[in-house]
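Student: I should like to learn how strand pairing and residue environments are read from a model. May we work through one case together?
Tutor: Certainly; let us take the structure shown here.

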Amino acid sequence: MELATKNIHTHNVICRSDLQITLEDDINVPDSKPDIEQLVKTQGKIELSNVTASDEKVTIHGNLLFTLLYISSDDLRPVHSMSGQIPFQETLNMDELLPDKEVSCHYDLEDCQANLINSRKVSVRAIVGFACCQEKQIEIAAGIDIVSPEASRADMEQISSPEGLYKKHNQFALTQLVSQKKDVFRIKDEMPLPKGKPNIDTLLYYEMVPQNVQNRIVEDGIRFIGDLQVFLLYVPENEDRRLEFLETELPFDGIVRCDQCQEDMISDVEILDNSQMLELKADEDGENRIMELELNFNLQIKFYQDEVFQYLEDAYSTACTLALTKQNFSAAKLLMKNQSVVRVSDRIHVNQDMDNILQICHADGTIQIDEQEIVENGISIEGIIALDILYITENDDHPIAVAKGTIPFSHIIEIKGIRPEDDYELQPTINQISVIMLDGQEIEAKVILDLCAFVFTHNEQKLITQIQETPLDLERIQSMPGIVGYIADEESSLWNIAKEYNTTVESIIQLNHLEADHVKPGERLLLLKQLDGI
């Protein structure tokens, strides 16, 4: 007899580690820029260049990219900007790390601020959280049947079981990681200035923020649709050189090609980070009224597929001795993929020492998760949304300012049947921010959050990986009585009884006139020893 097998594979977390660091450096104002009188806005972004694993340590190389918007009194125009970067190298300790396996590293820029030291120097400080994780693929050739050598050589199913062979099959559900890859989704477009806007002389500041992003598997890849919110602040070419700004949305729709994906699969698409570029381009009249923009999403894409695996749970023979080798296998099962939408709102007041609001330009924000834990049938999350609202003031000497505010939120992502030992991955994003000016000192802000959670549970299984057939131990068989009286206990099953006393489930049912294939505790049974092939 030979064991027929089928390869199954799953993924398990080997190790994970979290680290929070503070990046801080003093930055000099470039000689080409005027003195700083007042800092208005700080924009920060983390760019990872390399993640390496060795000797149970992960080394992260990257840069903090920043842009400062500030007021100066030493120039004809008051608003200026400057950019720079702070390189960093950090090490995380990770027990059981495999140096030849890739490490996934996620980061969260929790805070980025700049403080004025003097008119030619600023201190830039950022708090960054890193979460690193290493997974491994586990593959096993699991037994699904026992066949004769002839059937195995002919690569055909066993028409009938070998004499005296009795098999017990079972099944379990698992979610197989079919494939994974890193890719880039590119948005590239041109955007003309509206007719009512003056030509651009100097571009001071810009942001490109994706909103309402959705993805789904299509025939030849993953389709991304959404809107790209574009904001720019610039100095026009007209004589008064007052600040101008533009905020608009560009729809996008594109496909990232995937050869192995199918529409019935489950996709896990995570935007690791993005790079963006906006440059001015002259139109047909030679005027700076065209903006070339490009936004690249760096993606981590995983494809999963649910499967019910039929396997050989146990076997024995009344014609020979059958030794089974079993191996523990932890099967990962996707419990749920839940996309929750959270709506929050609050009123934000401008500080008394700041200039009144004349017009709101732009609002952006970040999500800070303070607490997260698995609760009964869900994941409880608490945090804040930190908002920066850029606005035009009534003061010509300080024409722009930023109102800062925080909106607390709490939410329970419903995951029925989740257990404390289950693994989950949380992907929070800001879907939309809308702000309304109520008066010169107050703003109403409304924010829509997307909280996407992938939850995996693990089931331990014992799978047969090898069998060994040897002749019956005749001495043991002869020492066994031909007929045995047996009293069932709470752990008794007909299969285990039949296997132990060298008989069959069918024989026990017929001999004892049982109406079902199970027994009750205390039930008395008559067992008849059975031998085949002798």
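Student: Which residue in strand 12 is the bridge partner of E279?
Tutor: The model is a predicted one, and the reading applies to it as such. As a general idea, strands of a sheet pair through backbone hydrogen bonds, either parallel or antiparallel. In this structure, E279 has E292 of strand 12 as its bridge partner. The strands concerned are strand 11 (residues 266–282) and strand 12 (residues 288–317), whose antiparallel pairing runs over 16 bridges.

Student: How many residues lie between strand 11 and strand 12 in their hairpin?
Tutor: Five residues lie between them, and in this turn G286 has a positive phi of about 80 degrees.

Student: In what order do strands 14, 15 and 16 lie in their sheet?
Tutor: The three strands form an open sheet in the order 14-15-16, with antiparallel pairing. Strand 14 (357–375) and strand 16 (400–414) are the edge strands, each pairing on one side only. From one strand to the next, the twist averages 15 degrees. Strand 14 and strand 15 (residues 378–393) are joined in the antiparallel sense by 16 bridges, and E371 stands opposite E382 of strand 15.

Student: Which strands pair with strand 6?
Tutor: Strand 1 (residues 2–28) pairs with strand 6 (residues 121–147) in the antiparallel sense over 26 bridges; there, H11 has Q137 as its bridge partner. Strand 5 (residues 104–118) also pairs with strand 6 in the antiparallel sense, over 13 bridges, and A114 is matched with V124 as its bridge partner in strand 6. Strand 5 and strand 6 form a hairpin with two residues between them.

Student: Let us turn to single residues. Is Q89 buried or exposed?
Tutor: The cut-off for exposed is over 50% relative accessible area. Q89 counts as exposed because its relative accessibility is 53%. This residue is found in strand 4 (residues 79–93).

Student: What does Q89 contact beyond its neighbours within four places in sequence?
Tutor: Q89 is in contact with T59, I60 and H61. T59 is 30 residues from Q89 in sequence, while their C-alpha atoms are 6.9 Å apart in space.

Student: Where is R77 placed, and is R77 buried or exposed?
Tutor: R77 is in the loop between strand 3 (57–71) and strand 4. Buried means under 20% relative accessible area, so R77, at 14% relative accessibility, counts as buried. A polar atom of the R77 side chain lies 2.7 Å from the backbone oxygen of V79.

Methods. Residues numbered from 1 in each chain as written. Predicted model: local features only at pLDDT ≥ 70, side-chain atom pairs only at ≥ 80, totals over all residues. Heavy atoms only, no water. Pairing = 2+ DSSP bridges. Helix = DSSP H or I, 4+ residues; strand = E, 2+ residues; numbered from the N terminus. Axes fitted to C-alpha atoms, helices over the stretch in contact; angles between N-to-C directions. Buried < 20%, exposed > 50% of the residue type's maximum accessible area, 1.4 Å probe, protein only. Contact = heavy atoms within 4.5 Å. Polar contact = N/O pair within 3.5 Å; in protein donor to acceptor, adjacent residues only side chain to side chain.
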